[in-house]
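Visitor: I should like to go through this model by question and answer. Please reason from the coordinates in each reply.

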Amino acid sequence: SSGINAEWPLRPGEERLAEQEQKLLEKELILEEETRLTDRVNKKVELGKQDTLQLAKQVNEYQRKLQDTTRKMMAIVSELSMNQAETMKLQQETSDKRAAVEDAYRKLDVGLPPTDDAELEWQKMLRDEDMKAARLLQKHQAEEEAEQYTVPGGVTTTAEPRPNAYIPDDLTELPVPRPYGALAPFKPQEPGACMRHIRKPAVKPIEI
C-alpha cells in the first residue's frame with residue numbers, strides 16, 4: 001500500500017504545504033546569510049569606532065582649515081579689487097595729466113600761458129616781488145632817516161637836523177660847503193592849523 005501511495009499525486013493541500021516549506025527554507029537561508037552579514041558589519045563597527053572618532057577629529061580640522069583658507073582668499077580677493085580700482089584711477093590720472101601737458105605745450109607754442117593756474121601763479125610771483133622791493137625800499141629809507149636824526153654821540157633825536165654849512169654863491173670860489181659857524185640860520189616853524197583862517201594878502205601891481 002505504501003508503494004501505491006508513493007505513486008499517487010499530491011493533494012492540493014499537500015502541495016501548498018510543500019511550497020510553504022520550500023519558502024520557509026529559503027527564508028531561513030536568507031536569514032542565516034543576513035545574520036552573518038550583520039555580525040560581520042557589527043564587528044567592523046566595533047573595530048571602526050576609534051577610527052571613526054579619529055576621522056571625525058580630522059574632518060573637523062579640515063573644516064577649520066578650509067574656513068580659514070576661505071577667509072584668507074576672500075581678503076585677498078577684496079585687496080585685489082581695491083588694487084585694481086586704484087590702478088584704474090592712477091591710469092586715468094596719468095592720462096589726464098599727459099593730455100594737460102600736451103595742451104600746455106600747444107599754448108606755449110602760440111605764446112599763451114600753459115595753464116590758468118600758471119598765469120595766476122606768475123601774477124602772484126610778480127606781486128610778491130613788488131612787495132619785497134617796496135619793503136626793502138622802506139627799510140632803506142627808514143635807515144637813512146635814522147642816520148639823519150642821529151646826533152654825534154650815538155643819540156637819536158626826532159628833531160630835524162639844522163643846516164650847518166652852505167655853498168657860497170660867489171662864482172669865483174669852488175662850490176664847496178662852508179660851515180656857518182656860530183651864526184647858523186634857524187629854520188622857520190611850520191604854520192599851525194590856525195593859519196587856514198588867515199587870508200593871504202592880495203599882491204598889488206607896482207605902478208611906476
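The exchange below goes from the overall fold to salt bridges and surface patches.

Visitor: What pattern do the helices and strands follow along the sequence?
Guide: This is a predicted model. The protein chain has three helices and four strands. Read along the sequence, their order is α-α-α-β-β-β-β.

Visitor: What percentage of the residues in the protein chain is buried?
Guide: A residue counts as buried when its relative accessible area is under 20%. The protein chain has 208 residues and exposes about 20300 Å², with carbon and sulfur atoms supplying 59% of that area. The buried share of the residues is 2%.

Visitor: Among contacts between residues at least 6 apart in sequence, what share joins residues at least 24 apart?
Guide: The count concerns contacts within the protein chain, with heavy atoms within 4.5 Å. Of the contacts between residues at least 6 apart, those that join residues at least 24 apart make up 5%.

Visitor: How many salt bridges does a search of the whole structure find?
Guide: Side chains of opposite charge can pair when their charged atoms come close. In this model, Asp68, Arg71 and Lys72 are linked in a network of such bridges. For the whole structure, the number of salt bridges found is seven.

Visitor: Which residue meets Glu33 in a salt bridge?
Guide: The partner lies three residues from Glu33 in helix H2, so about one helical turn separates the two. Glu33 is partly exposed at 35% relative accessibility, and its partner is partly exposed at 45%. The N to O distance is 2.2 Å, and the partner is Arg36.

Visitor: Which residue forms salt bridges with both Arg106 and Lys107?
Guide: Arg106 is three residues from this partner in helix H2, so they are separated by about one helical turn. Lys107 is four residues from the partner, also about one turn of the helix. The N to O distances are 3.5 Å for the bridge to Arg106 and 3.6 Å for the bridge to Lys107. The shared partner is Asp103.

Visitor: Are Asp103, Arg106 and Lys107 buried, partly exposed or exposed?
Guide: The partly exposed class lies between the limits of 20% and 50% relative accessible area. Asp103 has a value of 29%, Arg106 has 49% and Lys107 has 26%. Each of these values falls between the limits, so Asp103, Arg106 and Lys107 are partly exposed.

Visitor: What accessible area do Val101, Tyr105 and Leu108 have together?
Guide: These three residues form a nonpolar patch on the surface. Leu108 is placed in helix H2, which covers residues 12-109. A patch residue needs over 30% relative accessible area, and Leu108 qualifies on that point because its value is 47%. Together, the three residues have an accessible area of about 310 Å².

Visitor: Which helix holds Glu119?
Guide: Glu119 gathers with Asp116, Asp117 and Glu121 in a surface patch of negative charge. With a relative accessible area of 35%, Glu119 is partly exposed, so its value is over the 30% required of patch residues. The helix that holds Glu119 spans residues 116-148 and is H3.

Terms used:
Residues numbered from 1 in each chain as written. Predicted model: local features only at pLDDT ≥ 70, side-chain atom pairs only at ≥ 80, totals over all residues. Heavy atoms only, no water. Patch = residues over 30% accessible without salt bridge, like charges linked within 9 Å, V, L, I, M, F, W, Y side chains within 5 Å. Areas by Shrake-Rupley, 256 points an atom, 1.4 Å probe, with all protein chains shown as cover. Salt bridge = Lys/Arg side-chain N within 4 Å of Asp/Glu carboxyl O. Buried < 20%, exposed > 50% of the residue type's maximum accessible area, 1.4 Å probe, protein only. Lys, Arg positive; Asp, Glu negative; His and termini not counted. Charge placed at Lys NZ, Arg CZ, Asp CG, Glu CD.
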